[in-house]
Amino acid sequence: MEVTASSRHYVDRLFDPDPQKVLQGVIDMKNAVIGNNKQKANLIVLGAVPRLLYLLQQEASTTELKTECAVVLGSLAMGTENNVKSLLDCHIIPALLQGLLSPDLKFIEACLRCLRTIFTSPVTPEELLYTDATVIPHLMALLSRSRYTQEYICQIFSHCCKGPDHQTILFNHGAVQNIAHLLTSLSYKVRMQALKCFSVLAFENPQVSMTLVNVLVDGELLPQIFVKMLQRDKPIEMQLTSAKCLTYMCRAGAIRTDDNCIVLKTLPCLVRMCSKERLLEERVEGAETLAYLIEPDVELQRIASITDHLIAMLADYFKYPSSVSAITDIKRLDHDLKHAHELRQAAFKLYASLGANDEDIRKKIIETENMMDRIVTGLSESSVKVRLAAVRCLHSLSRSVQQLRTSFQDHAVWKPLMKVLQNAPDEILVVASSMLCNLLLEFSPSKEPILESGAVELLCGLTQSENPALRVNGIWALMNMAFQAEQKIKADILRSLSTEQLFRLLSDSDLNVLMKTLGLLRNLLSTRPHIDKIMSTHGKQIMQAVTLILEGEHNIEVKEQTLCILANIADGTTAKDLIMTNDDILQKIKYYMGHSHVKLQLAAMFCISNLIWNEEEGSQERQDKLRDMGIVDILHKLSQSPDSNLCDKAKTALQQYLA
């Protein structure tokens, strides 16, 4: 109770009629709360905050009193997240922003320091900085006042710049010009916060990045300044942040991937950050930034893979902290044990980027000690982020035919993958189902066991998702599954999917879904007995769907795929009749034979060739009917075509008539 009694006394003194005693009360309160979270909580509960804010905004208060109030509020904000919530509930931000209009620099700095502490807390919504449109230009103007205003304002900007809208607001108010010269400030803290600002401004932002490339500071271009800041003699935090700036500018298209500042400076710096000597968070940030830098570029992937034994170095990310760990600091050890999963996530991300394109790199990764076991373990970790990174890594490695046939088989990777696919969040489902597509390719030995474990139902379920990426992957995997499959599998797919769903997918608004569904149909309708069997049960609906697509407003690829399906149907024994008795479809084939696009003419030719082929029963009647429709005249015309492929096919078809 003693604390509360003394706390009550501190609060009471804020209401003293004598301004001098009030000032002394605030100063005593300041000294009482430094480093004392219990005292801070007590004062907040007893209502100190509204009174301090009142004094801070009161016309009659001296500047000294206002400044001391801002300092105490800043100290209270340094406590727990609950403290910050209480301050926000009392509308502290508008009061402090109002304080920035004062002419007194010491008071402005105290307000900014408090704002910095509040805005860097995870419980504060960034939007509060942008609610009043006059705030950002005023902060830009205050940047020139002192090294403290520079440090705090840059820190506020770098924490509150989340996404393209915020980047645009700061950019349009001259952030680049106002912050650039701070990179040469005498104060390390100012240089560091300015650097952080540029990294958040440039992230995935071509407009900002293209501007930064040409900015001069004291006659030097910004990228050159960044390169100087990532030299080995600079503090690690500075090296990492400059490497991020250059990485983001490169990914936004402002610096080429083969530029020396990327290949010889940024990439090696990020690899250095992955070494055992670095702190956990530096290793995490280094690996994640490097993964982002090399993700789209195979040349950078090759260079990174042979820099400083990176692939082996990343294997250490899984042994952390090891029993012989040199961590003597107990607090540090405790922190690192809690965050070890972030290392695993970062390693998976970087392995995924390294192995995105190059077969040899994938082989090296998989041959790293226990790698496949580690990924399989990662698939069932409790952290969603680790699971997602492990699936991404596996997906990247599954692009290799060689690995699908060997390592993936030896480790029965499909088992944990099927488990991941049960009730996972969407972002994991998209990658996991995409990987399943690879595992279901015809040459992958995992195909059989996956089918037996209920994959068909699972994939048919995905095709009904709201998320177009999941619909594409579901139908794509079914398409791979149906490729050169036996009749039973095809029947299973059709039964599970249902014709209603098949036709829903054929009218899907997403072009990828439509193309993959046509691919599935084409794979289902291959080999004669299968074509006849499927057309005998689903013929009417399939012909309807084909008609609809050929009549619709679709691109060349869609129509070509659809005509190829018709050519497959025309290859059936009994299925042919469904085309021959359908005058509407025959007229459409005739129309596409005379189309301006060669691809469509060729696809229509295949249909005709399959219908008139001599050795097959009823070919005479089919030839006669097609001759009456004027098909032979078109064939004569096409046999003169400048396109050699088309010309050959037409001649071959005409020979069927002569035979």
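## Charges over rings and aromatic pairs

Arginine 251 sits over the face of tyrosine 292, 4.2 Å from the centre of the ring. The model in which this arrangement appears is a predicted one. A second arginine, arginine 147, is placed over the face of tyrosine 148, and here the distance to the ring centre is 4.9 Å.

Tyrosine 292 also takes part in ring pairing: together with Phe203 and Tyr248 it belongs to a cluster linked by ring pairs. Over the whole structure, a search finds 7 aromatic pairs.

## Overall form

The protein contains 42 helices and 2 strands. Its radius of gyration is 34 Å, whereas a compact globule of 659 residues would have one near 26 Å. Taken along the principal axes, the box filled by the C-alpha atoms is roughly 115 × 55 × 55 Å.

Of the 659 residues, 55% are buried. The accessible surface amounts to about 29600 Å², and carbon and sulfur atoms account for 52% of that area. Among contacts between residues at least 6 apart in sequence, 67% connect residues at least 24 apart.

## An annotated repeat

An unreviewed UniProt entry carries the annotation "repeat: ARM" for residues 47-83. In the model, this span is 76% helix and 0% strand. The C-alpha atoms at the two ends of residues 47-83 are 12 Å apart.

## Helix H15 and its surroundings

Helix H15 covers residues 222-229, and 6 of its 8 residues are buried, so the helix is largely enclosed by the rest of the structure. The buried residues are Leu222, Pro223, Ile225, Phe226, Val227 and Met229.

Both helices and strands supply the packing partners of these buried residues. The helices are H13, H14, H16 (236-251) and H17 (260-272). The strands are E1 (216-217) and E2 (220-221).

## Two loop residues with positive phi

Glutamate 204 is located in the loop that runs between helix H13 (188-202) and helix H14 (206-213). Its phi is near 50 degrees, a positive value in a residue that is not glycine. Glutamate 204 counts as exposed because its relative accessibility is 53%, and the cut-off for exposed is over 50%.

Serine 498 is likewise a loop residue, placed between helix H32 (487-497) and helix H33 (499-506). Although serine 498 is not a glycine, its phi is positive, at about 70 degrees. With a relative accessibility of 23%, serine 498 counts as partly exposed.

## Two buried polar residues in helices

Glutamine 623 belongs to helix H40, which spans residues 619-628. Its relative accessibility is 2%, so glutamine 623 counts as buried, the cut-off being under 20%. Which residues does glutamine 623 contact, leaving aside its neighbours within four places in sequence? They are Ile612, Asn614, Gln656 and Tyr657. Tyrosine 657 is 34 residues away from glutamine 623 along the chain, yet the two C-alpha atoms are separated by 7.2 Å.

Serine 396 is part of helix H24 (residues 384-397). Serine 396 is buried, its relative accessible area being 2%. Apart from neighbours within four places in sequence, serine 396 has contacts with Ala352, Gly355, Ala356 and Arg362.

## Histidine 159

Histidine 159 lies in helix H10, made up of residues 147-160. Is histidine 159 buried or partly exposed? Its relative accessible area is 32%, so histidine 159 is partly exposed.

Once neighbours within four places in sequence are set aside, the contacts of histidine 159 are with Phe119, Thr120 and Glu126. Phenylalanine 119 is 40 residues from histidine 159 in sequence, and their C-alpha atoms are 6.9 Å apart in space.

Conventions: Residues are numbered from 1 along each chain as its sequence is written. This is a predicted model: local features need pLDDT of at least 70, side-chain atom pairs count only at pLDDT 80 or more; totals for chains, interfaces and linings use all residues. Side-chain values use heavy atoms; hydrogens and water are left out. Rings of Phe, Tyr and Trp (its six-membered ring) pair if their centres lie within 6.5 Å; planes under 30 degrees apart count as stacked, over 60 as edge-to-face and the rest as tilted. A charge sits over a ring if NZ of Lys or CZ of Arg is within 6 Å of the ring centre and within 35 degrees of the ring normal. UniProt positions are given in the numbering used here, feature names are shortened, and annotations may be inferred rather than shown by experiment. Helices (H or I, at least four residues) and strands (E, at least two) are DSSP runs, numbered from the N terminus. The radius of gyration is taken over C-alpha atoms; the globule rule is 2.2 Å times the number of residues to the power 0.38. Buried means under 20% relative accessible area, exposed over 50%, partly exposed in between (1.4 Å probe, protein chains only). Contact means heavy atoms within 4.5 Å. Accessible areas come from the Shrake-Rupley method with a 1.4 Å probe; for residues, only the protein chains shown count as cover.
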